[in-house]
Amino acid sequence: MSTRHPLAWDRAEIVRADKAHVWHPYTPMDAYIERGDPLVVTRAAGVRLYDANGRAYLDGNSSWWVAALGHGHPRLLAALERQARELAHCSLGGTTHEPAARLAAALCKVAPAGLSRVFYTDNGSTAIEAAVKMSVQMWGQLGAPRKTRFVALDGAFHGDSIGAASLGGVEIFRRPFAGVLFDCAHAAFPAEDAYARAFEAIASLVAGGADEIAAVVVEPIVQGAAGMRTYAPEYLRELRALCDRHDVLLVADEVFAGYGRTGRMWGVDHAGVSPDLMCVGKVFSPLFPMAATLATERVFDAFRGDKDRAFYYGHTFCGNPLGAAVAREVLAIYEDEEIVARAAGLAPRIAAGMAKLAELPGVARVRSLGMIGAADLGDGSGYLGGAGWRVYEEALRRGAYLRPLGDTVYVCPPLIISEADLDELLAILVESVRAVPR
Ligand SMILES: *Cc1c(COP(=O)(O)O)cnc(C)c1O
């Protein structure tokens, strides 16, 4: 147990200041301020969060999909501390340092074939922004300046900056900004029963507009924020061939699907394909926000030559030594502890837990993929629905943190979770869903 600092605030003080001053993401603030009794997290260790009353909660979503290695991993903390003593921040504009160089080399070693250049950014959204700008500038410099349009999938989520949101296909996240988003064609989501039709639709879209399309951007085989919607790897395989046929770039957004979440290191591994650009974030650098866009030599080569061909783009903290040192340690732990194989081994337990959930009335579209299990509740009110939040409250009471995506309830626990803890988490999910009248 950590000892509390004598000047530390108590729970009531924290909540008072929070409600007076903190504007929370993805949170209707009226309800939060009037009725909210927030979980006040004071520390975390392993797969558990601890609140201000000392109660433990299983971290059912790896704290927004980041803590695949759990909280407070001693090797990550040691890497962070070691690096902080040497060099905590330094520009990457034409200078370099060991953490950035070694991480890039390590990342390219485990990346899908052909990705050999690493451009650092500072979060998933900016990794996408970089991919968007690289695509457009690349085509301009290869003599195809009309290739500036993008294709993404219905339900896509690629982040919240304007560029990333332009690619996004979750209506409620787009609506307020519709007037300033750039044009992006959204193709039908390849749901199981409509898979062939969905592929035909995107195929005719790409074939018809290839001279104007810079890239197709997808979350490989699972859309996270849309509600853990999975699709067949075959679609991705055919999409790769389609993009090759029409000389359109394929951008894989692995910010959520990457790092073993789906049971393979990368989502694209299920399809055996390599993208032209790949974005990583979240688990990539879990202690210091950082992300990266990986590119092929073909993309990189388009930026060589005269000064005016360079990629004039970058973020203050891109390649930050702290983030880079931690990110390299993450890859080392993945190798040493065989994290992906371990995740794949736990996947059947999640599938079994979901099968139990499917037996309950009012539970629809139960699905699982690797270390993700999800189901839809309620009347189809989607992201603004209340059923998922009632399950959230029930789960807190039972010792698990299970933030829903509207009416989609899901688990996406740390990949290092023990079998016993995973079974407990799944049991809490089932019990909490059962406890909510529908
Ligand atoms: C979270 C997420 C992003 C955005 O990452 P941020 O770090 O929140 O900017 C992009 N794409 C996917 C698939 C994500 O899940």
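**A ligand, two domains and two cores**

Let's start at the ligand: one of its nitrogen atoms sits 2.6 Å from an N or O atom in the side chain of Asp253. That pair is a polar contact, meaning N or O atoms within 3.5 Å of each other. Keep in mind that this is a predicted model, where local features need pLDDT of at least 70, side-chain atom pairs count only at pLDDT 80 or more, and totals for chains, interfaces and linings use all residues. Residues are numbered from 1 along each chain as its sequence is written, and side-chain values use heavy atoms, with hydrogens and water left out.

**Around the ligand**
- Gly124 offers a polar backbone atom 2.9 Å from a ligand oxygen, and Lys282 has a polar side-chain atom 2.7 Å from an oxygen of the ligand.
- On its own the ligand has 380 Å² of accessible area (Shrake-Rupley method, 1.4 Å probe), and the protein covers 82% of that.
- The residues surrounding the ligand (a heavy atom within 4 Å) include Trp65, Phe157, His158 and Glu219.

**Two domains**
- An automatic or database assignment splits the chain into domain 1 (39-72 + 338-435) and domain 2 (75-336).
- Their C-alpha centres are 26 Å apart.
- Contact here means heavy atoms within 4.5 Å; 27 residues of domain 1 touch 29 residues of domain 2 in this sense.

**Nonpolar cores**
- A nonpolar core is a set of buried (under 20% relative accessible area, 1.4 Å probe, protein chains only) Ala, Val, Leu, Ile, Met, Phe, Trp, Tyr and Cys residues joined through side-chain atoms within 4.5 Å.
- The largest one has 101 residues, and Tyr334 is among those with the most contacts inside it.
- This core takes at least three residues from each of domain 1 and domain 2.
- Another core, of 30 residues, lies apart from it and includes Ala131 and Cys279.

Conventions:
A polar contact is a pair of N or O atoms within 3.5 Å; within protein, one must be able to donate a hydrogen and the other to accept it, and residues adjacent in sequence count only if both atoms are side-chain atoms. Buried means under 20% relative accessible area, exposed over 50%, partly exposed in between (1.4 Å probe, protein chains only).
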